[in-house]
Number of protein chains: 2
Amino acid sequence: ASVDKGVDFANYFCTYGYLYHQKEMLADRVRMDAYFNAVFQNKHHFQGKVVLDVGTGSGILAIWCAQAGARKVYAVEATKMADHARELVRGNNVDDIVEVIEGSIEDVTLPEKVDVIISEWMGYFLLRESMFDSVICARDRWLKPDGVMYPSHARMWIAPIRSGLGDQKMNDFESAMRDWHCFVEDTENNYGVNMNILTKPFQEEHEKYYLKTSLWSNLHPDQLIGTAAVIKEIDCLTASVDEIRVVTSKFSLPINMDRTRLSALAGWFDVHFRGNKQNPAKNEIELTTAPSVENSTHWGQQVFMLHPVLRVNEGDELLISFSMHRSKENHRLMNVGLSYELQQSSGKRLPAVISKLYIE
Amino acid sequence: ASVDKGVDFANYFCTYGYLYHQKEMLADRVRMDAYFNAVFQNKHHFQGKVVLDVGTGSGILAIWCAQAGARKVYAVEATKMADHARELVRGNNVDDIVEVIEGSIEDVTLPEKVDVIISEWMGYFLLRESMFDSVICARDRWLKPDGVMYPSHARMWIAPIRSGLGDQKMNDFESAMRDWHCFVEDTENNYGVNMNILTKPFQEEHEKYYLKTSLWSNLHPDQLIGTAAVIKEIDCLTASVDEIRVVTSKFSLPINMDRTRLSALAGWFDVHFRGNKQNPAKNEIELTTAPSVENSTHWGQQVFMLHPVLRVNEGDELLISFSMHRSKENHRLMNVGLSYELQQSSGKRLPAVISKLYIE
Ligand SMILES: Nc1ncnc2c1ncn2[C@@H]1O[C@H](CSCC[C@H](N)C(=O)O)[C@@H](O)[C@H]1O
Ligand SMILES: Nc1ncnc2c1ncn2[C@@H]1O[C@H](CSCC[C@H](N)C(=O)O)[C@@H](O)[C@H]1O
């Protein structure tokens, strides 16, 4: 299924055209520190080199690369933000090095191959937005055989958590349904039309919205009630779109807290800047979006609610089969299939629960 | 400029695909009562007649027309809501009369011409959404020469008001700018990049968002501080797209309250169901979205903030030149040009203020 560019722009790119949104990313200290340190603590990767910044936004990463000694930086941005990036580049006196190009990376032609590709392409739970596709496309077309990817590696994590969010959403859902029932009665009484036949689709629409759509949250580490598992590892130098189009994983999550409620799974990611085998980083930098008190990010974590909530104890184990693929209607959103069983420390295994969830 | 259908769907139609949104309209008692009474108090327009419902949504108007005695109702809906409408029609036993057709009215072919076109096409301040274009298209193609439009007439109103909304938004704007200045300082200190060159575009973006975009509000009639003026009248039977593409009006608003603040203009609309000359309504029905305590609607009013606020007195008069045209980027949104002068009762006239505003 090919993507209509105009539609993709209306659904996706439009928000990146606002300085408001770029600033949100630029004000994320964890994100900024990671890229800043990755570049300036590994200047050998940049000095005298040619760099491509995929999705330069405000131009920040491109400017850093120039400041770290790059000979030339191509900074490609699909939205009108390119104009602001060009201004910022000029205002910081690196316009002799950074060339801002407005256009989709898929359509752009560069005059030469590059030594480094840098990009901040990560969406919620890593793959939402599917922007890594564009980085892969850039890599296959423009990176020299011995080139370096910034970041070089990425991982997806899942952990069992306790949280009041699910109860809250369940309340919202139930109150929406109560309201619907009143509405059906009123409409019949006042306007002689029976709406009951829409009760089921209304309920399904609202279940999806309130209960099955993952929630953005900045969790406290205390909310983790077991060990997190890596469900996907990506080598940015070799990954193909086929490798990320579908993510499947079977894994188990040991519960390490007694008498608590398993109310949700949390998903997050980290990325690393390691250079490559022939040309490793001097200082490896990590950017993690795991639950944290001091170092939370604008990505937060994605919370997948489990209904009903399970009572769990230390020593229990949650056996999970997870799959994530792209939504048919919008390839930048994700559908998640989850099937899980609780293996109690007593040896008893509760019946499997299967659910479909959405990352919107 | 022709409209990309996929983009229009992503930007506009998508929300109408949700029962959640349809229910908001179905729960608007003022709206519902007006259409209900218009149909059932004027059954002579429907009995034995052929009706076209442009944008049937849930199908509600089409069902009423059938219940009022129509021989046949074509109910056209662009979104997947058409499936729900079909269900609702069946559930209310009028599927022998109502035929739900999924498609844009612009693309649909009917087997016959119709006696009545009914449609609820009104957006904020009447013309936002530009859906009346589709009704005009339907009328020119499918209405019999002596056919009737439901509603038959529409008017746009503007009035001077007092409101705290503008101060609140000014505070939000100023606090966003203070925050920006801190951000610029932090980014320079921590990351060696000077963002100051983006201060002006950031400020412009935020002025537009906080100060120049009209606000939805349900005003209290007490907030009116002068006489409202009709700035546009539309005869739905004869209006052309050219007539509504641009709305211009010069008018004056007498202030009728002493020692108060003129902080905004409010815009709203009403529509009437009068039938036509040869075949008038037995009972004329009005649907008004004017400020009201008991009869507020989901449309509310659009508030256009005036900065700075003017001190006004009884006997003053506001002389206004108003123009509204469609946004180039999205023909369903509006740009407003406003120029106004205060003529004080003393005879003194304050200098004219000119401003550009947006209905988003
Ligand atoms: N295929 C593509 N071609 C060009 N730009 C793209 C793209 N896909 C996404 N982008 C842009 O990539 C940016 C990602 S956000 C990161 C912005 C900037 N590099 C920073 O780190 O602050 C957005 O501005 C988006 O518009
Ligand atoms: N050009 C077009 N062709 C078909 N449907 C359209 C249309 N433009 C707008 N619509 C539909 O018109 C509806 C307007 S909302 C009104 C819904 C319903 N008649 C009611 O009164 O409750 C939406 O469902 C929208 O999807």
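This report covers the two-chain assembly, the two ligand sites and a few backbone features of a predicted model.

Residues are numbered from 1 along each chain as its sequence is written, and chains are lettered from A and ligands numbered from 1 in the order in which they are written. In this predicted model, local features need pLDDT of at least 70, side-chain atom pairs count only at pLDDT 80 or more, and totals for chains, interfaces and linings use all residues; side-chain values use heavy atoms, with hydrogens and water left out.

**Assembly**

Two copies of a chain are related by a rotation about an axis and a shift along it. Here a turn of 180 degrees and a shift of 0.0 Å along the axis lay chain A on chain B with an RMSD of 0.0 Å. That is the relation of a two-fold axis. Copies are superposed by least squares on the C-alpha atoms of residues with pLDDT of at least 70 in both. Within chain A, V7(A) comes closest to the rotation axis, with its C-alpha at 2.3 Å.

In the interface, 40 residues of chain A are in contact with 41 residues of chain B. Contact means heavy atoms within 4.5 Å. The copies meet through the same surface, because 100% of the interface residues of chain A are also interface residues in chain B. About 3,600 Å² is buried between chain A and chain B, and carbon and sulfur atoms give 67% of that. In chain A, the residues that lose the most area to chain B are L19(A), K23(A) and Y191(A), together 20% of what that side buries. Buried area is the accessible area (1.4 Å probe) that two parts lose on being put together, summed over both.

**Ligand 1**

Around ligand 1 there are 21 residues, of which R31(A), G55(A), E77(A), I105(A) and E106(A) come nearest. A residue counts as near if one of its heavy atoms lies within 4 Å of the molecule. By class, this shell has 9 nonpolar, 8 polar and 4 charged residues. Polar contacts with the ligands are tabulated below; each is a pair of N or O atoms within 3.5 Å.

| Ligand atom | Protein partner | Distance |
|---|---|---|
| Oxygen, ligand 1 | Q22(A), side chain | 3.2 Å |
| Nitrogen, ligand 1 | E106(A), side chain | 2.9 Å |
| Nitrogen, ligand 1 | T56(A), backbone | 3.4 Å |
| Oxygen, ligand 2 | Q22(B), side chain | 3.2 Å |
| Nitrogen, ligand 2 | T56(B), backbone | 3.5 Å |
| Nitrogen, ligand 2 | S134(B), side chain | 3.1 Å |

Taken alone, ligand 1 exposes 580 Å², and the protein buries 99% of that. Accessible areas come from the Shrake-Rupley method with a 1.4 Å probe. Helices α2 (19-26) and α4 (60-67) of chain A are the elements that give two or more residues to the shell around ligand 1. Helices are DSSP runs (H or I, at least four residues), strands likewise (E, at least two), numbered from the N terminus.

**Ligand 2**

Of the 21 residues around ligand 2, R31(B), G55(B), E77(B), I105(B) and E106(B) come nearest. The shell divides into 9 nonpolar, 8 polar and 4 charged residues. In chain B, α2 (19-26) and α4 (60-67) each supply at least two of the shell residues.

**Backbone features**

A cis peptide bond joins Y150(B) and P151(B), with omega about -5 degrees. P151(B) sits in the loop between β5 (143-150) and β6 (153-161) of chain B. H307(B) to P308(B) is also a cis peptide bond, with omega near 0 degrees. P308(B) belongs to strand β12 (residues 301-312) of chain B. N93(A), a residue other than glycine, has a positive phi near 60 degrees. N93(A) lies in the loop between α5 (81-91) and β3 (98-102) of chain A.

Notes: Polar contact = N/O pair within 3.5 Å; in protein donor to acceptor, adjacent residues only side chain to side chain. Nonpolar A, V, L, I, M, F, W, Y, C, P; charged D, E, K, R; others polar.
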